[in-house]
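Reader: I'd like to go through this one feature by feature. Can you give me the general idea each time and then show me the case here?
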2 protein chains.
Amino acid sequence: MRKILVVGLGLIGGSLAMALQGFEDFEVVGAVRSQTTFDKAEAKHAADRLTFDPAAELPGADVVILCQDPVGIIRFLREHKERFKPGALVWDVCGVKTAVMEAAECLPDGVDFIGCHPMAGKEVSGIDNAEATLFRNTHFIITPGPRTTAEHLDLLRRMADYCRFGDVIETTPERHDQMIAYTSQLMHIIAVSVCDNDELFSCVGFEGGSFRDCTRVAALDPAMWTQLFTLNAPALSQKAAELEERVHQYRVAIENNDREALYAMLAHASGRKKRINLERARGDDVHSAF
Amino acid sequence: MRKILVVGLGLIGGSLAMALQGFEDFEVVGAVRSQTTFDKAEAKHAADRLTFDPAAELPGADVVILCQDPVGIIRFLREHKERFKPGALVWDVCGVKTAVMEAAECLPDGVDFIGCHPMAGKEVSGIDNAEATLFRNTHFIITPGPRTTAEHLDLLRRMADYCRFGDVIETTPERHDQMIAYTSQLMHIIAVSVCDNDELFSCVGFEGGSFRDCTRVAALDPAMWTQLFTLNAPALSQKAAELEERVHQYRVAIENNDREALYAMLAHASGRKKRINLERARGDDVHSAF
């Protein structure tokens, strides 16, 4: 029997451990740090077997999935680099890829690291909210490394398929980080910025779906997102600056009562949105929280 | 039999005409401008009766619901002010209230105008998308006028109840416009600003729920939102400036790699979001698209 070791059973790690049970001839072992998580993971049978000692499992693990926060993943790679099984496939799940792929260069030649980012999540975290169905119809972004073999890519795609991801998007770490700055990190900056407004608590009763949707992800984990933002600073900074500039242009048009300019900007943007809606309608419907 | 005249059978007007059928002893008459809308409204029985001539219906209408865009409502009030039935209740549904309440001052003394804003909608518009259930569990904001009677307020609340609104929020036009600048108009500025980015079309495959949710309302009607934004310019301009400033602060912290400041800002905002989540959990669950 082969072994998958999932390190960290939070929302994503716990959900992966649940989703991967029964995959081919693999045993799914979940590594946790706290007794609380152990008990909860045991109660919901989040893995075939649980451990507090991932280091002891590494030499026998054919697949290792690192599900800590970015700094935790980087630290784990450096600390345990000699313990991985030669020929193992190692992948992670965090939201930045360049920094993690660079850290993975410390691994021995025979260990194959593929950066991964399941575009799935919820606005709540932890093993309590983990579920095997979390990944259904979401994107699974992967950034293969210089040592990635066709066999490992195929194994990873079979795992993605088993977890019912909607598709697998293969790209470079740099491209991933640039895109994610726009599609995910900027959305989180927007959500927290909106929630920082003085009117947040007085606006209840005046909110509609657009407000609830835009602020949904603001209840984020500050430590993890501090890592994600600072590990992708140049790309995110550029996207934030572009947003500031565009909001400013709308504001100037509104302040000047320049209805012609405003109409032109709104027609341009809404036309773009309508076109991208059409493009998506041809694909699968995608449901996910992050 | 009393008569409700719904002027304009778009998404909101069409849905109201459908939701109000069978209300007490009222006949629901829908006024349309185009043959296309007439045919579609007839096919889905959007009203008890349809007309191209709202002016002819006004003298006999006990309730008039104005469902055009803001400029259309203001123009209709001025043009038809002498035709309303004495003692009639007139209300509108548009997203700005100060400008509409001011326009309604032209009505004769015996006509009671109440500004209304159903916080319901969809990212698609028109009679095609109208449905009787659109208002379920959404907020119905009302701004009574100086001539508003207790009887009319009671009638309006019975209509809101019949349409299954989640609650009725009574406020002033100024307060409405200030709140809506934040909870609705700013969300639309954000959505279109995000869609104006160069990466919009290349980001497909990298988007998750936060991106879909934040940009959902960008496929807006440019003419109507030009009106809404410019008719609420001071309040919206202030909220846009506050957003620019806060996004800028996040950007500076990210560019300076100031993890302490970033963590503090994220912890502050996410804590606020978590608190408002809790507050809402006590009320009814609210589903709506706008």
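Reader: Let's start with backbone angles: which residue just after α6(A) takes a positive phi?

Author: That's Arg164(A), just after α6(A), with a positive phi of about 70°. Before we go on, some housekeeping: this is a predicted model, where local features need pLDDT of at least 70 and side-chain atom pairs count only at pLDDT 80 or more, while totals for chains, interfaces and linings use all residues. Residues are numbered from 1 along each chain as its sequence is written, chains are lettered from A and ligands numbered from 1 in the order in which they are written, and side-chain values use heavy atoms, with hydrogens and water left out. As for the element names, helices (H or I, at least four residues) and strands (E, at least two) are DSSP runs, numbered from the N terminus.

Reader: Where is Arg164(B) placed, and what is its phi?

Author: Arg164(B) lies in the loop between α6 (150-162) and β8 of chain B. Its phi is positive too, about 70°, although the residue is not a glycine. With a relative accessible area of 46%, Arg164(B) is partly exposed; buried means under 20% relative accessible area, exposed over 50%, and partly exposed in between (1.4 Å probe, protein chains only). In chain A, look at Glu24(A), a residue other than glycine with a positive phi near 45°. Glu24(A) is found in the loop between α1 (11-20) and β2 (26-31) of chain A, and is partly exposed at 39%.

Reader: Back to the helix, then. How far does α6(A) reach from its first C-alpha to its last?

Author: The yardstick is an expected span of 1.5 Å times one less than the number of residues. α6(A) has 13 residues and reaches 18 Å, close to the 18 Å expected.

Reader: Which residues of α6(A) are buried, and which exposed ones sit on the face turned away from them?

Author: The buried ones are His152(A), Leu153(A), Leu155(A), Leu156(A), Met159(A) and Ala160(A). They cover an arc of only 160° around the axis, so they lie on the same side of α6(A); the arc is that of the directions from the helix axis to the C-beta atoms. The face turned away from that buried side carries the exposed Ala150(A), Glu151(A) and Asp161(A).

Reader: Which helix of chain B is largely enclosed by the rest of the structure, and why?

Author: Try α9(B), residues 222-230: seven of its nine residues are buried, so the helix is largely enclosed. Among the buried ones are Pro222(B), Trp225(B) and Phe229(B). At the start of α9(B), a side-chain oxygen of Asp221(B) comes to within 3.1 Å of the backbone nitrogen of Ala223(B).

Reader: On to sheets. What is the strand order in chain B?

Author: Strands of a sheet pair through backbone hydrogen bonds, either parallel or antiparallel. Two strands pair here if DSSP finds at least two bridges between them. In chain B, eight strands form an open sheet in the order β3-β2-β1-β4-β5-β6-β7-β8, with mixed pairing. The edge strands are β3 (49-51) and β8 (167-170) of chain B, each pairing on one side only.

Reader: What does β1(B) pair with, and how buried or exposed is this strand?

Author: Six bridges join β1(B) to the parallel strand β2(B), residues 26-31, with Lys3(B) opposite Glu27(B). Four more bridges join β1(B) to β4(B), residues 63-66, also parallel, and there Leu5(B) stands opposite Val64(B). Five of the six residues of β1(B) are buried, so the strand is largely enclosed by the rest of the structure.

Reader: Where does an antiparallel pair come in?

Author: β6(B), residues 112-118, and β7(B), residues 139-143, run antiparallel and are joined by four bridges. The bridge partner of His117(B) in β7(B) is Ile141(B).

Reader: And which handedness does the β-α-β unit of β1(B), α1(B) and β2(B) have, right or left?

Author: A crossover is right-handed if, with the strands pointing away from the viewer, the path from the first strand over the helix to the second runs clockwise. The unit of β1(B), helix α1(B) and β2(B) is right-handed.

Reader: Last one: what does the side chain of Asp92(B) contact?

Author: A polar contact is a pair of N or O atoms within 3.5 Å; within protein, one must be able to donate a hydrogen and the other to accept it, and residues adjacent in sequence count only if both atoms are side-chain atoms. The side chain of Asp92(B) reaches the backbone nitrogen of Cys94(B) at 3.2 Å and makes a polar contact with the side chain of Lys97(B) at 3.0 Å. Asp92(B) itself is in strand β5(B) and counts as buried at 0% relative accessibility.
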